[in-house]
Amino acid sequence: MQLNIKDKFNKELPADPILENTRRQVEKACFSYATPKQTEKPELLHVSPEMLKNLGLTEEDAKSEAFLKTFTGNSVLPNTKPYAMCYGGHQFGNWAGQLGDGRAINLTEVEHDNKTWAIQLKGAGETPYSRTADGLAVLRSSVREYLCSEAMYHLGVPTTRALSLSLSGDQVLRDMLYDGNAAYEKGAIVCRVAPSFLRFGSYQLLAARQDKDTLKTLVDYTIKHHFPHLGTPSKDTYLQFFQTVVDTTLKMIIHWQRVGFVHGVMNTDNLSILGQTIDYGPYGWLEGYDNNWTPNTTDRQHKRYRFGAQLDVGLWNLFQLANALLLLIEEAEGLELILNGYREKAATQYLEMMRSKLGLFSTEENDAQLVSNLEETLQLTETDMTLFFRNLSHFSADKPSEGLDLIKDAFYALDEVSDDIKQQWNTWFKTYADRLQNETLSAEDRQTKMNRINPKYVLRNYMSQLAIDAADKGDYHLIDELFNLLKKPYDEQPENQKWFAKRPDWARNKVGCSMLSCSS
Ligand code: AMP
Ligand code: MG
């Protein structure tokens, strides 16, 4: 197995020079060296063929002992020094101080085809940032991260990727429901891959400590390696850097709204500086369209990170990043100006995205009203988001009265669709039909375009849970089936029609299928 190692992070940023793996506050450093844990009986469960290729590896490599050992942390690549990254973060609105990679260890950075990838193991044991926890991950959360990050990529949503999913062979103790019933679960390790794992919190922690020198080193490093088109770092490039982060973060969240993804824990330590979806924990997919829905049981009461709040939370988080960069830029005005532009951009891009979901590719003044009426109508009774939008592509502007019949599969309880609700839908379909008359695309072309925007298959929570339950019993075929299904989320795949269906009744309140805890 041959990887083209480029350990620039390791060489260019200040590292914590003290002893390895001692839990503590780490100052004036961006990372600490950490050695992955030896595991009892590592077993490779799945590999992403696309990520193999991206790293310059082959299917043969994936079958080797070296691959298994490297990507479960049981052997360290020659000429590399694995490390855990130092960061802080705002958790649920409160500054939490130093957090850091408590259970993620970066192996190295690899260059292939002119792209650089940081390779990280999640669940490979303690680091200086583990605080009171064990540095490990369990099978259920690892399956969820592995499947979802690759699925998001194929949906066209910016995201970190995953190379492999393995069992460590060790048992891990977890209190899954936080109810005092801890139990042993299978330990697992996901190998995650991204151009960088830097987060908003990486910059925030340095600013919180007034460590301007290290902050400058880190920002300059980030610009040099990840935003090289911005040129030589200066106050001006810092502002352009911030503008880029604002734009990419916004774009990412608009994609989440498009596909019905709820991150669940949008703390500033879980926002990538590259605007990629990162840290798949208690995330979830909308089934019934509901702006108030959050999958995260920890957030059940305040619903800070609910579906309908994600764009606002994005801005809140960007404010925190701006505050950190202020230490470097020293003037608030430029940062404020950029932040002030967010809401308008968000509104414009959201409307454009929703228009495209409806197959509207021209612009009309009343479109915002059409969209908000739709959102309201969708929430009158539990209505499946994915089924609704996918089936809407069959709508004919000449037959608005057939609309309701087209989408009836999306209703979770047909008997709850009252005459009043039917009436509201018919009114909406009528307006929609009138609006479609002004589009220039043929119905056929509109359908084709809509079907590239509205996925047919997403990773519904119960689907992950089925794969997890089977995997827990040693049966991994469903992981493979879902992995392959979700590679082509916009294709019809008639042989996979069974996955184009509402969440089954048994899954409504089952653990892992509706809401999830942070325990992982
Ligand atoms: P998360 O909510 O998963 O984003 O994690 C928040 C913080 O807790 C991060 O600093 C994680 O590295 C840390 N953390 C979560 N689980 C563990 C664990 N099992 N062992 C060590 N640190 C953990
Ligand atoms: Mg995290």
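Which residues coordinate the magnesium ion (ligand 2)? The legends below start with that site. The model is predicted.

**View 1. The magnesium ion (ligand 2) and its protein donors, N270 and D279.** N270 coordinates the ion through OD1. D279 does so through OD. The distances run from 2.0 to 2.2 Å. Both N270 and D279 are buried. N270 also appears in the next view, as one of the residues closest to ligand 1.

**View 2. Ligand 1 and the 16 residues that surround it.** The closest of these residues are G100, G102, R131, G135 and N270. Three polar pairs can be traced here, to G102, D134 and R174. At G102, a polar backbone atom is 2.7 Å from an oxygen atom of ligand 1. At D134, an N or O atom of the side chain is 3.1 Å from a nitrogen atom of the ligand. At R174, a polar side-chain atom lies 3.3 Å from a nitrogen atom of ligand 1. Taken alone, ligand 1 exposes 480 Å². The protein buries 79% of that area.

**View 3. Helix α7, residues 212-226, and its cover.** The helix has 15 residues. At 1.5 Å a residue they should span 21 Å, and the end C-alpha atoms are 20 Å apart, so the two values agree. The buried residues of α7 are T214, L215, L218, V219, D220, Y221, T222, I223 and H226. Their cover includes four helices: α1 (8-12), α6 (200-208), α8 (235-259) and α9 (310-329). Strand β7 (104-112) is also part of that cover.

**View 4. Helix α17, mostly covered.** Of its 12 residues, 9 are buried. They are N461, Y462, M463, S464, Q465, A467, I468, A470 and A471. Elements that cover them include α5 (139-155), β11 (183-194), β13 (284-285) and α18. How does the length of α17 compare with what 1.5 Å a residue predicts, and what is the end-to-end C-alpha distance? The 12 residues should span 16 Å, and the end C-alpha atoms are 16 Å apart, which agrees.

**View 5. G474, in the loop between α17 (461-472) and α18 (477-485).** This glycine comes just after α17. G474 takes a positive phi of about 90 degrees. Is G474 buried or partly exposed? Its relative accessibility is 39%, so G474 counts as partly exposed; the range for that class lies between 20% and 50%. G474 and L45 are 429 residues apart in sequence. In space, their C-alpha atoms are 9.7 Å apart.

**View 6. N391 in helix α13, residues 385-392.** N391 has 10% relative accessibility. That value is under 20%, so N391 counts as buried. Leaving out residues up to four places away in sequence, N391 touches L406, D409 and F500.

**View 7. T116 in strand β8, residues 115-122.** Which residues does T116 touch, not counting residues up to four places away in sequence? They are K8, E109, V110, E111 and P195. T116 and L55 are 61 residues apart in sequence. Their C-alpha atoms are 8.8 Å apart in space.

Technical notes
Residues numbered from 1 in each chain as written. Chains lettered and ligands numbered in written order. Predicted model: local features only at pLDDT ≥ 70, side-chain atom pairs only at ≥ 80, totals over all residues. Heavy atoms only, no water. Donors = N, O, S within 2.8 Å, 3.2 Å for Na, K, Ca; no water. Buried < 20%, exposed > 50% of the residue type's maximum accessible area, 1.4 Å probe, protein only. Helix = DSSP H or I, 4+ residues; strand = E, 2+ residues; numbered from the N terminus. Expected span 1.5 Å × (residues − 1). Contact = heavy atoms within 4.5 Å. Near = heavy atom within 4 Å. Polar contact = N/O pair within 3.5 Å; in protein donor to acceptor, adjacent residues only side chain to side chain. Areas by Shrake-Rupley, 256 points an atom, 1.4 Å probe, with all protein chains shown as cover.
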